[in-house]
Amino acid sequence: MSSKLGIPRGLFYYRFYPLWNEFFKILDVDCIDSGPTNKKILELGSRLCVDEACLPVKIFHGHAASLRDKADFIFVPRYTSISEKEYICPKFGGLPDMLRNCINGLPRIIDTEFNLRKKNSNALKAAAEIGSFFGHSTRDSIFAFSQAKKAFDEYRKMVVAGTFPGDILDNKKNMRSLGKDTLKILLIGHPYNIYDSFVNMNIVEKLRQKGAEVFTVDMFEEKLLKDMAEVLNKRMFWNFGTLALGCTYQILETENTDGIIYLMSFGCGIDAFVCNMAERRVRERSDIPYIVLTIDEHTGEAGIDTRIEAFIDLIRWRKRDEGYISAHG
Amino acid sequence: MKVTFPHMGNTYICVKSLLDDLNVDYVIPPFNGRAALDLGKLCAPEFACLPLKITIGTLIKAYEMGADTILMTGGRGPCRFGYYCEMQREILNDAGYKMDAITLEMPKGGIREFIENTKRLVGKTSVWRILNAVRNAVVIAESVDKLEKLSYKTRPREMEKGATDLIYRSFKEKALSVKGSRAMKELISKTAEELNAIPLSVREPLKIGIVGEIFTTIDSDTGFHMDKILGDMGFEVDRQVTVSEWIIEHMLKKVIPAKRDLRYVDAAKPYLKTMIGGHAQETIGNAVLYAKAGYDGIIQTYPLTCMPEIVAQSILPMVEKDHGIPVLSLIIDEMTGEAGYMTRLEAFADLLVMRRKNCEMKKVAFQQATEV
């Protein structure tokens with residue numbers, strides 16, 4: 001009987017699932033994922049995780065805990081760095097240790113480290129280590145990884161060509177509607193906030209219903225964003241920060257965005273800095289409407305709905321009235 | 001050019017000596033406190049960590065005193081501290097406090113830009129003079145940390161309450177007016193003699209290890225003077241993370257080939273396998289080492305949203321369980337009420353005293369039972 005691998009559907013699942021799904025498929029590993037986030041997982045995670053952690057990390061705890069008794073291993077790679085000279089977030093680096101020390105009865109954690117900060121080939125070494133848990137040779141694991149990387153590159157091509165990543169994940173087709181009045185809204189945020197419709201209270205769907213087409217930082221070519229971010233006085237050492245700021249600079253240059261929504265987690269260290277820097281640049285160099293929405297486990301849906309409505313209304317009125325606001329209403 | 005720098009504990013003493021020796025014109029802002037925080041939180045992002053808010057407030061005060069250039073250390077992450085220099089420059093300039101910034105790190109432009117920055121700071125000075133000034137500053141940082149450790153030993157044992165504080169407070173004020181590294185070394189030496197001359201009782205106090213984020217643990221003004229309060233309650237405190245340790249282990253030893261003290265890394269390994277940024281590894285590792293050294297309790301303190309310390313906090317309960325040592329985590333932000341903070345400290349102190357009493361009573365009972 002082969003070992004079962006549990007995959008928590010949180011954090012970088014949203015970024016790398018096409019890669020890992022293909023990798024484990026080629027190696028014929030029996031996988032089970034924890035399913036989409038729901039109230040039970042959120043409550044479980046909030047209870048088990050330390051209070052001060054950000055919401056995505058708490059939700060991840062919930063996903064991991066829900067895989068107890070369902071798998072022999074649980075896949076929590078230690079993402080120290082996924083790009084040269086950059087980190088992600090300290091919590092990503094310490095995530096397997098947090099789980100190990102907070103949750104009882106977890107299956108054995110596969111916490112292979114991914115550290116691409118200095119050498120890219122660390123990825124292959126890590127792939128070999130992961131494959132070995134299931135009895136695969138280094139050669140087979142490396143082959144599976146290179147094939148999986150090709151599949152991932154195909155996925156990235158689709159996304160950059162304009163397919164919304166959330167639609168691919170949720171298996172939705174033909175969601176885009178680009179009419180004359182469709183607003184183009186840039187939604188900046190971590191993938192685990194933007195593509196988890198439970199966490200963000202279905203914000204993408206709500207924006208679409210209001211006649212907006214949503215696009216995200218992931219839908220740009222990474223190299224382009226990194227080049228745009230070169231103008232920063234000091235090189236940013238967070239992968240998300242570089243991409244988000246690079247995207248901001250790109251938007252300011254091409255001027256084809258009607259509004260920017262920054263979706264931030266309460267307590268996210270990186271967002272605190274990146275959001276502030278992005279906002280400053282947008283407000284200084286353009287008059288693109290910019291709003292920050294902060295989410296945590298207490299966020300009420302009504303509050304988010306009101307803000308989205310007001311924001312979209314503001315943009316439409318501005319377009320209609322060209323900035324003229326009547327003094328008498 | 002009038003240089004200034006934010007406060008972090010006693011760093012002003014070694015920085016001041018360095019700038020004195022290199023003849024750089026500078027301004028020392030008032031020490032950190034509520035006033036600096038109230039100023040800084042108006043400009044800084046809401047979820048920025050407390051040290052950024054405090055340093056921005058302090059730099060605003062320095063600007064009002066005539067400073068036009070910020071001297072700051074940098075970093076390469078993942079802790080946010082590495083990006084403070086940029087955030088400070090942008091936020092202050094936006095708010096109307098036009099200041100230039102010199103960051104002490106290898107810049108984007110490499111060694112050439114680094115030399116340009118150094119020239120901007122010190123003008124035409126020989127390399128030898130710069131190296132000598134740096135060497136003296138490091139020696140001073142080490143002796144100031146030793147002095148602080150000495151005060152942690154004398155305060156719980158002093159026969160006359162307040163004797164340590166009288167000498168130590170006077171030292172901190174005199175250090176503001178003393179000029180040059182030689183005079184500073186003399187002042188430190190004299191203060192050490194005064195502290196060593198304090199009459200002490202022979203009682204052995206309970207010991208508390210302080211771990212956590214570097215700024216809140218080192219800067220007593222930010223940490224509600226926890227080290228002094230615990231000392232007055234009769235506890236000897238200790239803190240492994242110090243300014244000189246940071247300069248020597250994390251800055252100098254990366255350039256000079258010297259063996260680093262990595263005991264905390266080995267101690268942390270069963271709980272936290274890798275460096276994740278900030279001082280998380282130090283927090284866990286030192287907590288384990290304190291437990292093994294027979295300390296009575298551990299206090300972890302950090303600013304709200306400090307990412308590495310959040311990871312450490314989630315792991316400390318395991319250390320607590322495995323080593324049987326009580327751990328208290330205190331999180332500080334601009335809403336922290338002093339009363340609530342003090343209540344927790346006092347309750348923790350009482351807990352440690354009762355544990356020690358119970359332990360001693362059990363020892364005596366055991367001895368009596370085995371004698372009979």
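**View 1. Strands E2 and E3 of chain B, joined at B:Thr73 and B:Leu104.** In this predicted model, B:Thr73 has B:Leu104 of E3(B) as its bridge partner. E2(B) and E3(B) run parallel and are joined by five bridges. Strand E1 (residues 3-4) of chain B also runs parallel to E2(B), with two bridges between them. There, B:Thr4 has B:Ile70 of E2(B) as its bridge partner. Strands of a sheet pair through backbone hydrogen bonds.

**View 2. Side chains of strand E2 of chain B.** Strand E2 covers residues 69-73 of chain B, and five of its five residues are buried. B:Thr69, B:Leu71 and B:Thr73 point one way. B:Ile70 and B:Met72 point the other way. Why do the two groups split like this? In a regular strand the side chains alternate between the two faces of the sheet. In E2(B), the residues on both sides are buried.

**View 3. The four-stranded open sheet of chain B.** The strand order is E5-E4-E6-E7, and the pairing is parallel. Strand E5 (235-239) and strand E7 (327-332) are the edge strands, each pairing on one side only. On average, neighbouring strands are turned by 25° against each other, direction ignored. Strand E4 (residues 206-212) and strand E6 (residues 297-303) of chain B pair in the parallel sense, over five bridges. One contact to pick out joins B:Ile208 to its bridge partner in E6(B), B:Gly297.

**View 4. Helices H13 and H14 against the sheet of chain B.** Which strands does helix H13 touch? Helix H13 (residues 280-292) packs on the sheet and touches E4, E5 and E6 of chain B. Its direction makes about 170° with that of E4(B). Helix H14 (residues 307-323) of chain B lies across E4, E6 and E7 of chain B. H14 runs at about 165° to E6(B).

**View 5. A salt bridge along helix H2 of chain B.** The side chains of B:Lys41 and B:Asp38 meet in a salt bridge, 3.4 Å from N to O. Why can these two side chains meet within one helix? B:Lys41 and B:Asp38 are three residues apart in helix H2 (residues 34-43) of chain B, so about one helical turn separates them. B:Lys41 is partly exposed, at 33% relative accessibility. B:Asp38 is partly exposed too, at 33% relative accessibility.

**View 6. A salt bridge between strand E3 and helix H5 of chain B.** B:Asp100 and B:Arg120 meet through their side chains in a salt bridge, 2.9 Å from N to O. B:Asp100 lies in strand E3 (residues 100-104) and B:Arg120 in helix H5 (residues 110-122) of chain B, so the pair ties together parts that are 20 residues apart in sequence. Are these side chains buried or exposed? B:Asp100 is partly exposed, with a relative accessible area of 39%. B:Arg120 counts as partly exposed at 37% relative accessibility.

**View 7. A salt bridge between helices H7 and H10 of chain B.** B:Asp165 forms a salt bridge with B:Lys228, and the closest N and O atoms are 2.7 Å apart. The pair links distant parts of the chain. B:Asp165 sits in helix H7 (residues 163-177) of chain B, and B:Lys228 in helix H10 (residues 226-232) of chain B, 63 residues apart. B:Asp165 is buried, with a relative accessible area of 8%. B:Lys228 is partly exposed, with a relative accessible area of 26%.

**View 8. A salt-bridge network with residues of chains A and B.** Which residues does the network join? Salt bridges that share partners connect A:Arg78, A:Asp97, A:Arg100, A:Asp111 and B:Lys273. Over all chains, the count comes to 39 salt bridges.

**View 9. The interface of chain B and chain A.** Here 41 residues of chain B are in contact with 39 residues of chain A. About 3,500 Å² is buried between chain B and chain A, and carbon and sulfur atoms give 64% of this area. Four salt bridges cross the interface. In a salt bridge between the chains, the side chains of B:Asp94 and A:Arg280 meet at 2.5 Å, N to O. There are also 10 residue pairs in polar contact across the interface, both residues at pLDDT 80 or more. On the side of chain B that touches chain A, the elements giving two or more residues are helix H4 (84-94) and H14 of chain B.

Technical notes. Residues numbered from 1 in each chain as written. Chains lettered and ligands numbered in written order. Predicted model: local features only at pLDDT ≥ 70, side-chain atom pairs only at ≥ 80, totals over all residues. Heavy atoms only, no water. Buried < 20%, exposed > 50% of the residue type's maximum accessible area, 1.4 Å probe, protein only. Pairing = 2+ DSSP bridges. Axes fitted to C-alpha atoms, helices over the stretch in contact; angles between N-to-C directions. Contact = heavy atoms within 4.5 Å. Buried area = accessible area lost by both parts, 1.4 Å probe. Polar contact = N/O pair within 3.5 Å; in protein donor to acceptor, adjacent residues only side chain to side chain.
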